[in-house]
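Me: I am new to this structure and would like a close look at its surface. Please take me through it with care.

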Amino acid sequence: MLRVVLNGKEYEVEEGKKLGDFFKEVGIEGALGAKLGGKIIDLQTPIRESGELVPIYKEDPESLEIMRHSLSHIMAQALKEIYGKEVVHLGVGPTTEEGFYYDVEVEGTRIREEDLPKIEQKMKEIIERNYPILRRELDRESAIRLFEQLKEHYKLDIIRRIDPHDVISVYEQGDFIDLCRGPHVPSTGMVGAFKLTHIAGAYWQGDPSKPMLQRIYGIAYWDTKELEERLKFYEEVKKRDHRKLGAELEMFLIDEDIGGGLVLWLPKGGIYRKVLEDFWKEEHLKRGYQLVYTPHVGKAKLWQTSGHLEYYRQNMYPPMEMEQEEYFVKPMNCPFHVAIYKSKVRSYKELPLKLAELGTVYRYELSGVLHGLMRVRGFTQDDAHIICTPEQVEDVILETLDFAVQMLKTFGFEDFKVYISTRPPLYIGSEEQWEKAENALKKAVETLNLSYEIDEGGGAFYGPKIDVKIKDAIGRFWQCSTIQFDFNLPERFDMEYVGPDNKRHRPYMIHRAIFGSIERFTGVLLEHYAGLLPFWLAPVQARVIPVSEKHIPYATELKNFLTERHFRVEVDDRKERLSAKIRTAELQKVPYILVVGDREVESKTVSVRSKKEGDLGTKTWEELVEFFTELVQKKVC
C-alpha cells in the first residue's frame, strides 16, 4: 500500500489505482489531474508512489499543460484524417509556454501557413465528437508491435530509447492512438480555445543528419478572450519583427549564398553600428577600460589550454590546417585577452586591469535554431575581461554592474530582472572563492536596489554569475548583460601578479558583456522601438522634403548645413507628390521630416515634423541645430 496526503489528510492507496478512481472515493470533483512528486498526472494515470497529492482544477495554471497536451493530440489526429493515416508519421508533440506543437512528416506534402485554417476546422470537428481520451499501458514488445503496425517509425525510435524499467503508455481517442506519457483531459470536448499560429522546420532529435520534420505550432487558453488578447500581442510581435524591419530599413541582410547566420551590414546598418560602437568605446575609456583587438583565429594549442576543445568543441567550427598546425576560428575572445595580460609581469598596482574589445566570434549553430540577428553564427561581442585582486572584487563587481545598468538605461530600458547563479554540484575553485564571489554579486545588486532571484546551483562549473534581463515595450524580457566569475582560466593559463609582499599571486578574472552581442542587441532595439530608433542612433536622422522641384536647391543647402554639423540627413528629390514623400519617410522610420516650400525659402526656416510627436511647427536653421544637438547630447529616447 502507498500513503498519500490530500488536503492535509493521509490516505492509504493501493498501488496502481487510477487517480480518478481515488478522487471519486474521497469526494474530489472537478479536478483534471494532480501534482505528485513534482509531476503532473491525469485522472487515468495509476498512482505508483507515496507523497502529497495536490489536485489540479481548471483555474490552476497547471491545468493549461493538461489541456494543451490534449490539443497536440487532437491536431495530430486531424492531420491523419486530412492527409491520410499511412502518410502522416508522428514525431513528438509537447506543450510550450503558451500552447503546443507537433513535429510531423507528411509524405509528399509540404504543409503551408494557408493550410492551418483547414487543420483547425478538422480539430474543431474532433472536439465536437467528444471522444473519451483513454490511457493504456503496454509492455515493450507489445508497444513495438503496435507501432510497427501503425508504421510510426519515429515512435519506434522513441520506444527503443526508453529505459526498459520505465512504463510505456499510449493514449487513444476514437481510432487515433499515440505513444505518450500524458497528462490529458478526460475527453476531446473538454479543451479550451486555440489557434494554430505558424509552421517551422525541426530536425528529428535536433540532429541535422536526421530527417527534417514539419513543426506546427498552436496557442491555447481556457478563455476565448484571453486567446484573442494573446493573438493581438502576436500581431504586434509580427509588426516588430526585427528581420522584417531590418529589410525595410535597409540595415542588414543574411544571404544564404554566403551562409546562414552570417550577417551582412548594409550602409545604413554600418552607420548605425559606427554610432553605437563609438558610444560604447567612449563610455569604456571614461571608466578606465583599455581597448584591444585580437585575431579571428588561434592555434589548437590555445583552445586546448583554455578547455574549449574539451568542453566546447561541438560549438566550434572545424579546424583549418596550415604548416602542419591546426587553427580554429575563435568562439570566444577570452584566451586572447589572457595572452595580452600575460605579455609582461603584472604588479598589483596595475590591477584592476580592464581589457575591452568589440570582438567578432564564430560559433556553429544548427540551421534550425538560427533566427535573424537573435541567433547567428558570426557575431560581435561587446566583451571585457577584468583582472583584479581578491580584495578588489566587491568594488569591481559593483562598478561593473552599475556601468551595465546605466548603459542599458541610456537606450531607454528601465525595467530589469536580475538573476544570480550560484555554485553547482561540480565546480572548480575553493568554497572560499565561491562564497566571496557570490557575496560580491549579491552585495552589488542590493547596493543598486535591484530586485533579484537566486538560480541555486545554476552557475557554470568555473564561477557564479549575474544575468540581467531587460523588459521591452511590449512586455517581453531579453537576456542582455552578463557578469561572470572565472576561476578556471587563471589556473589553466597560470595567470599571476606580483603583490605588495613581492610574491606571486593568482588574480580573479571576470568576464563581462553589456549588450551581449551587437547583433542580438540590435534585434532587441529594433523590436523595442518598432524600427523607430532614437534620434541619436538612427542611421538617417532627418529627411528634407522639397514641396516642388524649384525648392530642391534650398533643400540641398539645408542638408549640407546639417551634414557639416554632423547630423545624418538626406534629401528626397524624387518627382513624387509631397504626401507620397512624407509617407515614404514615415514607413522608413525617419525620426524627423523637414518640409521646405515657398514660405520656408523666403524666411530661411524649415517646417519640422516628428515621426513620434507630429507637427512641431517652424524653426530657423540655428534653432533646428540647437534642437537636434540637445537630442544627441541627452541621448533622448
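What percentage of the residues of the protein chain count as buried? After that, please look closely at the patches on the surface.

Reply: In this predicted model, 50% of the 637 residues of the protein chain count as buried. The chain is built with 19 helices and 32 strands, and its C-alpha atoms fill a box of roughly 90 × 75 × 60 Å when this is taken along the principal axes. Of the contacts that join residues at least 6 apart in sequence, 68% are between residues at least 24 apart.

Turning to the surface, the protein chain exposes about 30,700 Å², and 48% of this area is supplied by carbon and sulfur atoms. One nonpolar patch there is formed by Leu 253, Ile 258 and Leu 264, which together have about 220 Å² of accessible area. Leu 264 belongs to strand E14, which covers residues 264-265, and because its relative accessible area is 32%, Leu 264 is partly exposed; that value also fits the patch, whose residues must have over 30%.

A patch of another kind, one of negative charge, is where Asp 223, Glu 226, Glu 228 and Glu 229 gather on the surface. Glu 229 sits in helix H6, which spans residues 224-239, and it counts as partly exposed because its relative accessibility is 46%.

As for charge over the whole protein chain, there are 91 positive and 106 negative charges, and the mean positions of these two sets are 3 Å apart.

Notes:
Residues are numbered from 1 along each chain as its sequence is written. This is a predicted model: local features need pLDDT of at least 70, side-chain atom pairs count only at pLDDT 80 or more; totals for chains, interfaces and linings use all residues. Side-chain values use heavy atoms; hydrogens and water are left out. Patches are made of residues with over 30% relative accessible area and no salt bridge: like charges are joined within 9 Å, nonpolar side chains (Val, Leu, Ile, Met, Phe, Trp, Tyr) within 5 Å. Accessible areas come from the Shrake-Rupley method with a 1.4 Å probe; for residues, only the protein chains shown count as cover. A salt bridge is a side-chain nitrogen of Lys or Arg within 4 Å of a carboxyl oxygen of Asp or Glu. Helices (H or I, at least four residues) and strands (E, at least two) are DSSP runs, numbered from the N terminus. Buried means under 20% relative accessible area, exposed over 50%, partly exposed in between (1.4 Å probe, protein chains only). Contact means heavy atoms within 4.5 Å. Lys and Arg count as positive and Asp and Glu as negative; His and the chain ends are not counted. The place of a charge is taken as NZ of Lys, CZ of Arg, CG of Asp or CD of Glu.
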